[in-house]
Amino acid sequence: NPRRIPESAVRLSAETDHGSGIVAGRREKTDLGRFNRLGGQFGYFKEDDGAVVKAVGSKDVSLRQWLDNSERVVEALDCLHIFMQIVEIVSLAHSQGFVVQNVRPSCFVMSAFNRVSFIESVSSSDSGEDSCEDELNNQTAEFMGFEMLKSEFLNEPRDDLIEREAFLELKEKIEEQELLMEFLLTLQQRKQEAADNLRRTVAFISSDLQEVAKFQTSISQRQGLHSNNDDGTSSGSRKRIKMSETSNSLEPDLQENAICKSSRLMKNFKKLESAYFLTRRRALKPLAKPLTRNAQMSGDGKGSAADRSSGNSLPPINRLSQSKQGGWINSFIDGLSKYLSYRNLKVKADLKQGDLLNSSNLVCSLGFDRDGEFFATAGVNKKIKVFEYESILNENRDIHYPVVEMSSRSKLSSICWNNYIKGQIASSNFEGVVQIWDVTRNQVYMELKEHERRVWSVDFSWSNPTLVASGSDDGSVKLWNINQAILLLHLVDGTSVGTIKTKANVCCVQFPSDSGNTLAFGSADHRVYYYDLRNPSVPLFTLMGHNKTVSYVKFLDSSTLVSSSTDNTLKLWDLSEATSQVVDSPVQSFTGHMNVKNFVGLSVSDGYIATGSETNEVVVYHKAFPMPALSYKFNTTDPISGDEVDDSDQFISSVCWRVQSSTLVAANSMGNVKLLDMV
């Protein structure tokens, strides 16, 4: 049977003329089978003690396999050449003082050019009482090997063998040169492709520079036109003088701001560069036909391969219209401007509560009412506390008291204000109950009890204020109509008007701002589902990109949403570009915060995305770029000294933007609540 070549075997080769297989020096109890494994098909390797060995090539076969191959062509000269190499190997081993244990066909391997190597064990003579006998045997074997090499049988065709050897050497060199040629051609091709891509990239950058220059010229011309119009009036002169004085007084601030922006620009240059090319490629992609309910789908629901593929390089510039070349610039400039508009997050107010030392103070949810006048907190203390925003800013008190405090019988996981009915809050709790609260009456007037396990999230529809959605650990999303409770004005148990069943826990639900017919929710199966509620049997879109639980989903606009996961990322999705039911390529992935096990909050406003971090930081992104724009670290106040100390065990547990504002409220796992402003 053919024998498999051991991976750890090494050669003792007969290529003495080339120095490829000579084992230098003398070893005690040498065993080539015990050599360290040597990888690679080509080249020679030197052991620590100086021995030169050659690794077994991947194309080598044993002599046994070669002999058993019935399809091989038998040539006398080839066979004689192989036999002569075997004799040389054995003679070489004997001349170095080694005893060859086994001389069988399976003990030898052959290269593609019939180079023979020995791969079995050899050993040297032991010192001791048998050393003289071993030495005598070794000398006898060496003499016999020498006689064999000098025999007429091997020397008569010597010239033919030398010619054969020369032919094989030439063939090997030709193959090596061909291999080198193939490598160099491949290298040249790849470098040429890289150079072509670089030329296209430079061409696009030059084109964009021209567009920006035209825009600047247009602005300068309009500015000059306004200046000429002002020259005819004295009031205009006074305005210009006043403007000049104002600009001079603001010049240091402007310079400082410009330096700060430049510093942040250079610090994040690589990421901004990536975002630039990403935006560029998106602008250059042909507009795909939006997916309809009757669209043709492939078996995996992802459309055709051609639809899913996207190039890694920019297309030739001559394929673009002039309007398309410059159309994307405004969105990129807007994103860059907003990214660099603010330098840091500043504390506007600290919410000081009397029960901060309570161990069950984790705030699970925050929310502003529709007008930004009040904000509410809810968490494991089983309380909904409503605070007046302006009073928190203006009153310098040791303790801030809520204007309304409502108690629940279970720990609260989520709250949401009704955007139409002022003073109405929906909450979800750990017992699986959704409650509707009347803040003005300080009471609950509706309980929705169909969930079988903890409810993680609740949301009011923007376009239908009587429609509520909830998501639970029982793997269901339920829809509720609270119109009945509003009319009766007393506590009732509601009945769901719709249910979407899934196979995994539902962690978050969210309505878009312009429709009551669609809903998105995140799941523990790492996916985001987007449903048309008029056909709840199958999701309209399934968003795949996270590799851990999706904890939050928020809509930036009617077709753009951001998802948060415990895989340390946020992802941006544009449903208007979806061409299949399965969307596996997010527009953007945001990294820079830490989130691997906790709910840390998510909120969006005017393109800004706020999230918490398990480093006890609030992190703000802008949708245009994947890296943080701002961050603020919560420090824990020592109850004895009053000093702030860094507490790595705490994390941000919830965040919420104030309506149409640069202000947000954030809370951490200790119950600390801060009002932060972007400045």
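Aromatic rings make a good starting point here: in this predicted model, the count comes to 19 aromatic pairs. One of them joins Tyr 608 and Trp 657, whose rings are tilted, with 6.4 Å from centre to centre and 45° between the planes. Tyr 608 belongs to strand β33 (residues 608-612) and Trp 657 to strand β38 (residues 652-657), so this pair ties together parts that are 49 residues apart in sequence.

**More about the rings**

- Are Tyr 608 and Trp 657 buried or exposed? Tyr 608 has a relative accessible area of 6%, and because buried means under 20%, Tyr 608 is buried. Trp 657, at 5% relative accessibility, counts as buried too.
- Elsewhere, ring pairs join Tyr 276, Phe 277, Phe 332, Tyr 339 and Phe 625 into a cluster.
- Rings also have charged partners: the charged end of Arg 454 sits over the ring of Phe 430, 5.0 Å from the ring's centre.
- Likewise, Lys 674 lies over the face of Phe 634, at 5.4 Å from the ring centre.

**The nonpolar cores**

- In soluble globular proteins, nonpolar side chains tend to be buried together.
- The largest nonpolar core in this model has 27 residues, and those with the most contacts inside it are Leu 345, Val 618, Val 620, Leu 664 and Leu 676.
- Both helices and strands contribute: among the elements that each supply at least two residues of this core are α7 (269-284), α10 (329-340), β33, β34 (617-622) and β38.
- Which residues does Leu 664 touch, leaving aside its neighbours within four places in sequence? Leu 664 is in contact with Ala 610, Val 618, Val 620, Cys 656, Trp 657, Arg 658, Lys 674, Leu 675 and Leu 676.
- Apart from the largest core lies another, of 15 residues, including Phe 541, Phe 555, Leu 561 and Leu 575.

**A loop with Asp 525**

- Asp 525 is found in the loop between β24 (518-523) and β25 (527-532), and at 27% relative accessibility this residue counts as partly exposed.
- The side chain of Asp 525 makes a polar contact of 2.5 Å with the side chain of Tyr 529.
- A polar atom of the Asp 525 side chain also lies 3.1 Å from the backbone nitrogen of Arg 527.
- Asp 525 and Asn 505 are 20 residues apart in sequence, while their C-alpha atoms are 7.7 Å apart in space.

**What the record adds**

- An unreviewed UniProt entry carries the annotation "repeat: WD" for residues 448-483 and 543-583.
- In the model, residues 448-483 are 3% helix and 53% strand, and the end C-alpha atoms of this span lie 13 Å apart.

Technical notes:
Residues are numbered from 1 along each chain as its sequence is written. This is a predicted model: local features need pLDDT of at least 70, side-chain atom pairs count only at pLDDT 80 or more; totals for chains, interfaces and linings use all residues. Side-chain values use heavy atoms; hydrogens and water are left out. UniProt positions are given in the numbering used here, feature names are shortened, and annotations may be inferred rather than shown by experiment. Helices (H or I, at least four residues) and strands (E, at least two) are DSSP runs, numbered from the N terminus. Rings of Phe, Tyr and Trp (its six-membered ring) pair if their centres lie within 6.5 Å; planes under 30 degrees apart count as stacked, over 60 as edge-to-face and the rest as tilted. Buried means under 20% relative accessible area, exposed over 50%, partly exposed in between (1.4 Å probe, protein chains only). A charge sits over a ring if NZ of Lys or CZ of Arg is within 6 Å of the ring centre and within 35 degrees of the ring normal. A polar contact is a pair of N or O atoms within 3.5 Å; within protein, one must be able to donate a hydrogen and the other to accept it, and residues adjacent in sequence count only if both atoms are side-chain atoms. A nonpolar core is a set of buried Ala, Val, Leu, Ile, Met, Phe, Trp, Tyr and Cys residues joined through side-chain atoms within 4.5 Å. Contact means heavy atoms within 4.5 Å.
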